[in-house]
Amino acid sequence: MIMLSDFVKEKRKESGLTQEEFADRVGVALTVIRKIEQGKTNLNMDKVNLVLGMFGHELAPLKKVNL
């Protein structure tokens, strides 16, 4: 399974964009892109989905399972 950080970094580089250019295109702060690519865990999921949306993907919310 590919990590979110690796996926975003690879796709961004394939697009030929710097982190700053990519952040501008997505409409998020540069720090959002940096945090994602560094593998930080305290991320705003709405921002993550904006980033992933550039590649036709999104993270679905986790469903609570009653055991």
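In which helix is the place of S5? In this predicted model, S5 has its place in helix α1. To see what surrounds that residue, it is useful to begin with the chain as a whole and then to take the helices in turn.

The secondary structure of the chain comes to 4 helices and 0 strands, and along the sequence these elements follow the pattern α-α-α-α. Taken along the principal axes, the C-alpha atoms fill a box of roughly 45 × 25 × 20 Å. The chain has 67 residues, of which 27% count as buried. Among contacts between residues at least 6 apart in sequence, 46% join residues at least 24 apart.

Helix α1 spans residues 4–14. Its buried residues are S5, F7, V8 and R12. Viewed down the axis of α1, these buried residues fall within an arc of 165°, so they line one face of the helix. On the other side of α1, K13 and E14 are exposed. The cover over the buried residues of α1 includes α2, α3 and α4. After α1 comes G16, whose phi is positive, near 75°.

S5 can now be placed more precisely. Is S5 buried or exposed? Its relative accessible area is 13%, and because buried means under 20%, S5 is classed as buried. When residues up to four places away in sequence are not counted, S5 touches I36, E37 and G39. Of these partners, E37 lies in helix α3, while G39 follows α3 and has a positive phi, near 80°.

Attention therefore passes to α3, where V32, I33, I36 and E37 are buried. Seen down the axis of α3, the buried residues fall within an arc of 125°, so they line one face of this helix. Their cover includes α1, α2 and α4.

E37 deserves a separate look. Which side chains does E37 join through polar contacts? One polar contact, of 2.6 Å, joins the side chains of E37 and R12, and another, of 2.7 Å, joins the side chains of E37 and Q19. R12 is itself among the buried residues of α1, and Q19 is one of the α2 residues that make the contact with α3. At 8% relative accessibility, E37 counts as buried, because the cut-off for that class is under 20%. Leaving aside neighbours within four places in sequence, E37 is in contact with S5, V8, K9, R12 and Q19.

The contact with Q19 leads to the packing of α2 against α3. Two packed helices are described by the angle between their axes and the distance between the axes. For α2 and α3, the angle is about 115° and the axes are 8 Å apart. The crossing of these two helices is right-handed. On the α2 side, the contact is made by Q19, E20, F22 and A23, and on the α3 side by L30, I33, R34 and E37. By class, this contact has 4 nonpolar, 1 polar and 3 charged residues.

The remaining helix is α4, residues 45–53, whose buried residues are V48, V51 and L52. Seen down the axis of α4, these buried residues fall within an arc of 95°, so they line one face of the helix. What covers them includes α1, α2 and α3. At the start of α4, a side-chain oxygen of N44 reaches to within 2.8 Å of the backbone nitrogen of D46.

How is L50, a residue of α4, classed by its accessibility? L50 has a relative accessible area of 43%, and because this value lies between the 20% and 50% cut-offs, L50 is partly exposed. Leaving aside neighbours within four places in sequence, L50 is in contact with V26 and V28. L50 and I33 are 17 residues apart in sequence and 11 Å apart in space, C-alpha to C-alpha. I33, for its part, is one of the buried residues of α3 and one of the residues in the contact of α2 with α3.

Definitions and conventions
Residues are numbered from 1 along each chain as its sequence is written. This is a predicted model: local features need pLDDT of at least 70, side-chain atom pairs count only at pLDDT 80 or more; totals for chains, interfaces and linings use all residues. Side-chain values use heavy atoms; hydrogens and water are left out. Buried means under 20% relative accessible area, exposed over 50%, partly exposed in between (1.4 Å probe, protein chains only). The arc is that of the directions from the helix axis to the C-beta atoms. Contact means heavy atoms within 4.5 Å. A polar contact is a pair of N or O atoms within 3.5 Å; within protein, one must be able to donate a hydrogen and the other to accept it, and residues adjacent in sequence count only if both atoms are side-chain atoms. Axes are lines fitted to C-alpha atoms, for helices over the stretch in contact, and angles run from 0 to 180 degrees between N-to-C directions. A crossing is left-handed if the near helix is turned anticlockwise from the far one by less than a right angle, and right-handed if clockwise. Ala, Val, Leu, Ile, Met, Phe, Trp, Tyr, Cys and Pro count as nonpolar, Asp, Glu, Lys and Arg as charged, and the others, Gly among them, as polar.
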